[in-house]
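Reader: I am new to this structure and would like a close look at one part of it, with the surroundings explained along the way.

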Amino acid sequence: MRRGIVRLTLGLGSVLLLAAATACSSSSSTTSSGSSASGASALTGNCGKIPTVPYTDKSGMVASLGSDAANYNGFNGTIYKSPWSSWKGKTSGVKVGILIDGLDNPYQTVLKSSLVSGLKAFGYSTVALAPSASSVTNQLQGYQTLLDDKVNLIIAQVQSPTAYNPLINKAAKEGIPTVGVLNDIANPNAVNVVPNSVLGGMKLAQFVVQQAKGQGLIMYVHGIAGVPIDTDTMNGANDVLKQCPKVTTNETIQTQFQAPIAKQQVLSYLNTHPQPVAGVVTAGPFTSGVIQAFQQAGKTVPVITNNGLDEGGLAYWIQHKSTYHGVALANVPNGLAYAVDQVAHKMLAGDGVKINTLSIDPPLVTGANLTQYVTVDPSWTINTVGTASGPSSKYVSSSFIDAIFTK
């Protein structure tokens, strides 16, 4: 669990920033200095630098991963030795259950379809469920349905890090492992394949504050308060911005991870707050809605992170590349699905996973490398709804995946 972080906030009532305490790990990660993005030279002290943030490694194995250990910097979760290290797996008649946290946005749809197609390519049959994203109860019922269906492995995108633990433990006793996707599961019996959203938040905030020259108001636009990827992203951003005394933040806006709601909420804020906005950090794929709010309010569009590669936001970036300095995380859904499928396949093959977490550091995308990581369609407009994909093999290296297995 993470330590609390306090930031100066402005306007619109109480702040919804969820943070918890984190234990200090015996492991450590490398410190990354500010990049060469425009505005970096104007920063002083530690402003714009990525700090080393402790994480909890109860396995004692992360340090042995060499340079890949840096992927765990700030990781909000506990890394355990996996009880599946000696599991012999299953290679014939394999059925994999998939539990996705609803299909409310394009990222989720692509994630689910990519998981299914990748597993089928390995010759596995699949049972895919997507209960309501607004109900943990429905998700738990879906998990039980997969157990009743006698699947051999479950891939689960959880809404809560602990609510599923009784069922995950029950499945483990029956020899059925659970692989967590996108959101960390706080249970040694689960094997998590998750982007390090804390580190991702640090990298996005680093770019934004460099563009802002280390000063001004930076808005945080949340998806859903309490969802791990949202909380972790904003905690990571705070780890960077708390080092910038001339920066203030506003953290009041919630969007349900939907661009239309983002547009409505941000526009309402801009129409009632005249202070210029130096940058925006987002927690999900709704950048197009934020951009449209600035346009409709008649205000200059500042640098707005694209955390989820929504196509409308990318279209604006490409069409204004001479004046707009965009930034994104290449957290492509097909890339995440590829990593999850690879881990599941190696487990089923009996390769023995040593630790319970593959912490992925998604590539940072700027104007200099956008086309290397993201597949762009020139027909996209600001109104295009969808989530971009990119080369799945660039999302995480096969050598890193191999490193957490015994063979």
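Reader: Over which ring does the charged end of lysine 394 sit, and how far is it from the centre of that ring?

Author: The charged end of lysine 394 sits over the ring of tyrosine 373, at 5.5 Å from its centre; the rule asks for NZ of Lys or CZ of Arg within 6 Å of the ring centre and within 35 degrees of the ring normal. This is a predicted model, in which local features need pLDDT of at least 70 and side-chain atom pairs count only at pLDDT 80 or more, while totals for chains, interfaces and linings use all residues. Residues are numbered from 1 along each chain as its sequence is written, and side-chain values use heavy atoms, with hydrogens and water left out.

A second lysine is placed in this way, since lysine 346 lies over the face of phenylalanine 405, 5.0 Å from the ring centre.

Rings also meet one another, and the model has 7 aromatic pairs, counted for rings of Phe, Tyr and Trp (its six-membered ring) with centres within 6.5 Å, where planes under 30 degrees apart are stacked, over 60 edge-to-face and the rest tilted. Tryptophan 84 and tryptophan 87 form an edge-to-face pair, because their ring planes stand at 75°, with the centres 5.4 Å apart. Tryptophan 84 is buried at 7% relative accessibility, and tryptophan 87, with a relative accessible area of 17%, is buried as well, the limit being under 20% (over 50% is exposed, in between partly exposed, with a 1.4 Å probe and protein chains only). Phenylalanine 257 and phenylalanine 286 make a tilted pair, 6.3 Å from centre to centre and with 55° between the planes. Phenylalanine 257 belongs to the loop between strand E9 (247–254) and helix H6 (259–272), and phenylalanine 286 to the loop between strand E10 (277–282) and helix H7 (287–296), so their pairing ties together parts that are 29 residues apart in sequence; helices (H or I, at least four residues) and strands (E, at least two) are DSSP runs numbered from the N terminus. Both of these phenylalanines are buried. Elsewhere, ring pairs join Tyr55, Tyr72, Phe75 and Phe400 into a cluster.

Turning to the strands, E9 belongs to an open sheet of 6 strands with mixed pairing, in the order E9-E8-E10-E11-E12-E14, where two strands pair if DSSP finds at least two bridges between them. E9 and strand E14 (364–365) are at the edges with a single partner strand each, so one side of each has no neighbour in the sheet. Within this sheet, strand E11 (residues 303–307) runs parallel to strand E12 (residues 327–329), and 3 bridges join them, with valine 327 in E12 as the bridge partner of threonine 305.

Another parallel pair consists of strand E7 (residues 190–195) and E13, joined by 4 bridges, and valine 193 stands opposite leucine 358 in E13. Strand E13 (residues 357–360) is covered on both faces, for Thr357 and Ser359 on one side are buried, as are Leu358 and Ile360 on the other. In a regular strand the side chains alternate between the two faces of the sheet.

Among the helices, H5 (residues 228–241) holds aspartate 232, which is buried with a relative accessible area of 10%. Leucine 119, in helix H1 (residues 106–121), is buried at 0% relative accessibility, and the C-alpha atoms of leucine 119 and valine 96, residues 23 places apart along the chain, are separated by 8.0 Å.
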